Amino acid sequence: MNFKVGMISLGCPKNQVDGEIMLEKLNKSGFTVAESIEDSDVMIINTCGFIEDAKREAIETILEVAEYKNAGLISAIVVTGCLAERYQEEILREIPEVDSVIGIGADKDIVKVCQKALVGVRSSFYPDKKYLLLDGERMLSTPSHWAYLKISDGCDNKCSYCAIPGIRGGYIERPMENIISEAKSLAGKGVKELILVAQDTTKYGLKLYGEYRLPALLKELVKIDGIEWIRLYYCYPDRVTDDLIDVIAKEEKICSYIDIPLQHCNRDILKSMNRSGSYETLKELLLKMKRRIHGLSLRTTFMTGFPGETEAQFEELCRFVKEIKFDKMGCFTFSPEEDTPAFEYENQIDEEVKKRRAEVLMDIQYSITQSANKSRIGNIYRTVIDEKTELGYIGRSYLDSPEIDSGIIISSEREHNTGEFINVKITDYDGYDLIGVEI
């Protein structure tokens, strides 16, 4: 019998890549990948468990899928990913509709797990995290013209608020030749934009080669025919070297875009987070990057309400955001995660205070974005078409990354396919989005 498998993948792009590898394994073994829950025989929920909101979303998703099983529309449910790794037996115990719960080291066994679940065998197992799949053939879940490229996983940074080292394990990385081979394969399938992801992208090379090799890797990736854009996520500020800045500035295929989650700017808060830096050192780094990388688009993430954060320290963060003028910014409130040092910290901040501070910070960013968008009217950008709508096209310039950033609403009298690059003149803006016309 030809069984159908569906997947809901939650959380970060690294988790999404894991899901794509699992889907390809299932597809090659004879499973058909379903488009919807009701068309599936077995549903895999690839969960995130990083912070409270992610855990809540994962549990709600499992319970929602459980209703389909109770209604007889699907036969089995398999839970994998970070929530499964973190809470293990609790999921099977608390949600009886779930048939299998496996840790991230068991993703390679997903075919066997699904086969057992379909014949009613409940199971759970959690191999060593070192067996986490770093590579493998993938069934892309992104549009055909762009894809994530995971270069490493795990983390040794040990930020005091972060559960990732405990969930994903220590830092591991792929050999450069292995990454380049996959990038060539993706290019051969029509992928034009690569987005490099890891828990700490800038650390790449230290484990295998004893030195930072991200600049060297980028120099090889730009040589691949068919790849038009390369974009960097999850860059750690301490490891944004002059060599990396120079490569981004020099190589046309590397987008002048960098995602560099800073979390805060106050020296004492950063120290309590087990991170380094201060208002002045971070400012110096970011201004150097802006000075040396023409048209740099900076994305960051901040956390409000870390234990002990005073109003004065929060106001310092607000001044920092106003001064640096990030192109893109996300903000989340501190989530006290068990098994992390910050969970035990004194001076925990009230939830309402955390939320208010996050809202204030995002309001500041919105004003910065409006001003930046206004300044771009009249500019012409090379733009990739992401989507065709009844009113025209939606695309992105190098300034914007797919799924997390805004884009350009494009008017054009010509017919285009997704993945095509065109030149667009910006004529207006609407909120976070730019509006333009093809020229």
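**A walk through the pockets, cavities and one helix pair**

Hi everyone. Let's start with the second largest pocket: its lining residues split into seven nonpolar, three polar and three charged. Before I go on, please keep in mind that this is a predicted model.

So how big is the second largest pocket? Its volume comes to about 320 Å³. In total, 13 residues line this pocket, and if you want to find its centre on your screen, look for Glu252, Ile254, Ser256, His294 and Tyr398, which lie nearest to it. Which elements each supply at least two residues of this lining? They are helix 10, covering 242-250, and strand 12, covering 254-259. Of everything around the pocket, strand 12 gives the most to the lining, with three residues.

Now to the cavities. How many of 30 Å³ or more are there? The count is three, and I'll show you two of them.

The largest cavity holds about 40 Å³ of space. Around it you will find Lys328, Asn373, Arg376, Leu399, Asp400, Ser406, Gly407, Tyr432 and Leu434. That lining divides into three nonpolar, three polar and three charged residues. If you'd like some practice, try sorting the names yourselves.

Next comes the second largest cavity, also with about 40 Å³ of space. Its lining consists of Tyr236, Pro237, Asp238, Leu262, His264, Leu270, Arg275, Ser276 and Leu282. Here the division is five nonpolar, two polar and two charged.

Hold on to Leu282, one of the residues lining that second largest cavity, since we meet this name again in a helix pair. As a reminder, two packed helices are described by the angle between their axes and the distance between the axes.

Our pair is helix 12, residues 279-292, and helix 13, residues 311-324; their axes come within 11 Å and cross at roughly 15 degrees. Why do we call helix 12 roughly parallel to helix 13? Because the angle falls under 35 degrees, the pair counts as roughly parallel. As for handedness, the crossing of these two helices is right-handed.

Who makes the contact? From helix 12 come Tyr279, Leu282, Lys283, Leu286 and Lys290, and from helix 13 come Glu316, Arg319, Phe320, Glu323 and Ile324. There is our Leu282 again, on the helix 12 side. Sorted by type, the contact residues of helix 12 with helix 13 are five nonpolar, no polar and five charged.

That's my tour, thanks for listening!

Methods: Residues are numbered from 1 along each chain as its sequence is written. This is a predicted model: local features need pLDDT of at least 70, side-chain atom pairs count only at pLDDT 80 or more; totals for chains, interfaces and linings use all residues. Side-chain values use heavy atoms; hydrogens and water are left out. On a 1 Å grid over the protein atoms alone, a cavity is a set of points where a 1.4 Å probe fits but cannot get out, and a pocket is an open set with protein on both sides within 12 Å along at least five of seven lines; lining residues have an atom within 4 Å of a point. Grid points are joined across faces, edges and corners, and a volume is the space filled by probe spheres set on the points. Ala, Val, Leu, Ile, Met, Phe, Trp, Tyr, Cys and Pro count as nonpolar, Asp, Glu, Lys and Arg as charged, and the others, Gly among them, as polar. Axes are lines fitted to C-alpha atoms, for helices over the stretch in contact, and angles run from 0 to 180 degrees between N-to-C directions. Helices (H or I, at least four residues) and strands (E, at least two) are DSSP runs, numbered from the N terminus. Angles under 35 degrees count as roughly parallel, over 145 as roughly antiparallel, 65 to 115 as roughly perpendicular and the rest as oblique. A crossing is left-handed if the near helix is turned anticlockwise from the far one by less than a right angle, and right-handed if clockwise. Contact means heavy atoms within 4.5 Å.
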